[in-house]
Amino acid sequence: MGNENGSWIMYGVDPDDPECIHTVEEAIEYINKIGFLPLFKNEIPGFSLEERTVAGYWWSDNPKVDPWVWREIIARSGKLAYGKFFDKKAGFISLEWLPVFANYRRDGYDFDSLYEDGKAPLRHKKIMQNFMEDKLDSELMSYELKALAGFGKDGDKGFDGAVTALMMQLYLCNCDFRKKKNKKGQEYGWNVASYAAPEHLWGYDRVTAAYKEDPEASWQKILEHMHEEYPIATDSQLKKVLGIKR
């Protein structure tokens with residue numbers, strides 16, 4: 001997705017293009033085959049769901065064809081990890097590649113150890129304490145987490161940026177999108193993101209399965225895989241889209 005002369009442009013394919021993805025099931029199958037994929041077009045040509053779908057179907061609110069709705073279905077399904085994983089922008093990671101990304105992005109740290117070593121700010125701790133230890137089974141909607149972590153009008157600022165940073169480090173991901181409910185239990189408004197720790201969704205052992213290897217080795221695996229799948233990508237493009245600043 002790009003902005004040209006003040007207008008947002010989607011970059012897709014024709015419905016009859018052999019590379020076109022037509023359904024959410026096809027999207028899940030393709031992402032599992034590739035391993036990981038941003039939602040929108042980026043610096044690496046062809047490396048996005050956007051570029052393999054029909055541009056005119058986006059934001060149609062039709063779950064059969066709308067990739068924007070598919071992302072909600074996929075997050076809810078637990079078949080892939082979904083969140084802001086690619087240069088602070090949304091995308092998907094297969095469960096096969098999730099441990100590799102978690103090891104590299106976390107630098108081999110569980111969050112509590114990261115914080116104890118002074119490598120995470122207090123505001124990240126205030127968010128993550130709602131998902132750690134006995135609260136590991138938590139799934140919290142954005143507004144619930146914001147209040148519990150002490151952000152808002154009279155509290156800390158920068159909630160969205162903090163959550164994005166934690167997703168980039170694979171400590172959080174999206175697990176659902178739901179509407180708020182009023183006092184009568186009636187749904188209203190737009191769908192709101194829900195967050196969870198990957199360990200809650202797929203288990204600690206699975207998420208941390210690559211902790212035994214050096215984080216740099218995990219990064220090299222990611223690079224080698226990308227060089228095979230997208231040989232046109234440059235090292236600078238790969239670092240920008242897939243890397244993370246320490």
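This section describes a pocket, the salt bridges and the aromatic contacts of the structure. The model is a predicted one, and the values given here are computed from it.

The second largest pocket has a volume of about 420 Å³. Its lining is made up of 16 residues, and those lying nearest the pocket centre are Trp68, Arg71, Glu72, Trp190 and Asn191. Two or more lining residues come from each of helix H2 (67–77), strand E7 (173–181) and strand E8 (187–196). Of the contributing elements, E8 gives the most to this lining, with five residues. By residue class, the lining of the second largest pocket comprises eight nonpolar, three polar and five charged residues.

Charged contacts were examined next. The structure contains 11 salt bridges. One of them joins the side chains of Glu72 and Arg71, with an N to O distance of 3.5 Å. Both partners are named among the residues nearest the centre of the second largest pocket. Glu72 has a relative accessible area of 12% and is therefore buried, the cut-off for this class being under 20%. Arg71, at 7% relative accessibility, likewise counts as buried. A further salt bridge is formed between Asp176 and Arg178, whose closest N and O atoms are 3.4 Å apart. Here the burial of the two partners is not alike: Asp176 is buried, with a relative accessible area of 11%, whereas Arg178 is partly exposed, with a value of 31%. These contacts belong to a wider arrangement, in that Arg71, Glu72, Arg76, Asp176 and Arg178 are linked in a network of salt bridges. Another salt bridge of the structure connects Glu213 with Lys221, and the closest N and O atoms of this pair are 2.9 Å apart. Lys221 counts as partly exposed, at 38% relative accessibility.

Aromatic contacts were considered in the same manner. The count of aromatic pairs comes to 17. Among them, Phe36 and Phe47 form an edge-to-face pair, with 6.3 Å from centre to centre and 90° between the planes. Phe36 lies in strand E3 (residues 36–38) and Phe47 in the loop between E3 and H2, so this pair ties together parts that are 11 residues apart in sequence. Phe36 counts as buried, at 0% relative accessibility, and Phe47 also counts as buried, at 0%. A tilted pair is formed by Trp58 and Trp59, for which the centre-to-centre distance is 5.4 Å and the angle between the planes is 50°. Within this pair, Trp58 is buried, with a relative accessible area of 5%, while Trp59 counts as partly exposed, at 43% relative accessibility. In addition, Phe36, Phe47, Phe86, Trp97, Phe101 and Tyr230 form one aromatic cluster.

Contacts between charges and rings complete the description. The charged end of Arg71 sits over the ring of Trp68, at 3.6 Å from the ring centre. Arg71 thus takes part in this contact with Trp68 as well as in the salt bridge with Glu72, and Trp68, Arg71 and Glu72 are included in the residues nearest the centre of the second largest pocket. In a separate contact, Lys180 lies over the face of Tyr143, at 4.8 Å from the ring centre.

Technical notes
Residues numbered from 1 in each chain as written. Predicted model: local features only at pLDDT ≥ 70, side-chain atom pairs only at ≥ 80, totals over all residues. Heavy atoms only, no water. 1 Å grid on protein atoms, 1.4 Å probe; cavity = no way out; pocket = protein on both sides within 12 Å on 5 of 7 lines; lining within 4 Å. Points joined across faces, edges and corners; volume = space filled by probe spheres on them. Helix = DSSP H or I, 4+ residues; strand = E, 2+ residues; numbered from the N terminus. Nonpolar A, V, L, I, M, F, W, Y, C, P; charged D, E, K, R; others polar. Salt bridge = Lys/Arg side-chain N within 4 Å of Asp/Glu carboxyl O. Buried < 20%, exposed > 50% of the residue type's maximum accessible area, 1.4 Å probe, protein only. Phe/Tyr/Trp six-rings, centres within 6.5 Å; stacked < 30°, edge-to-face > 60°. Lys NZ or Arg CZ within 6 Å of the ring centre and 35° of its normal.
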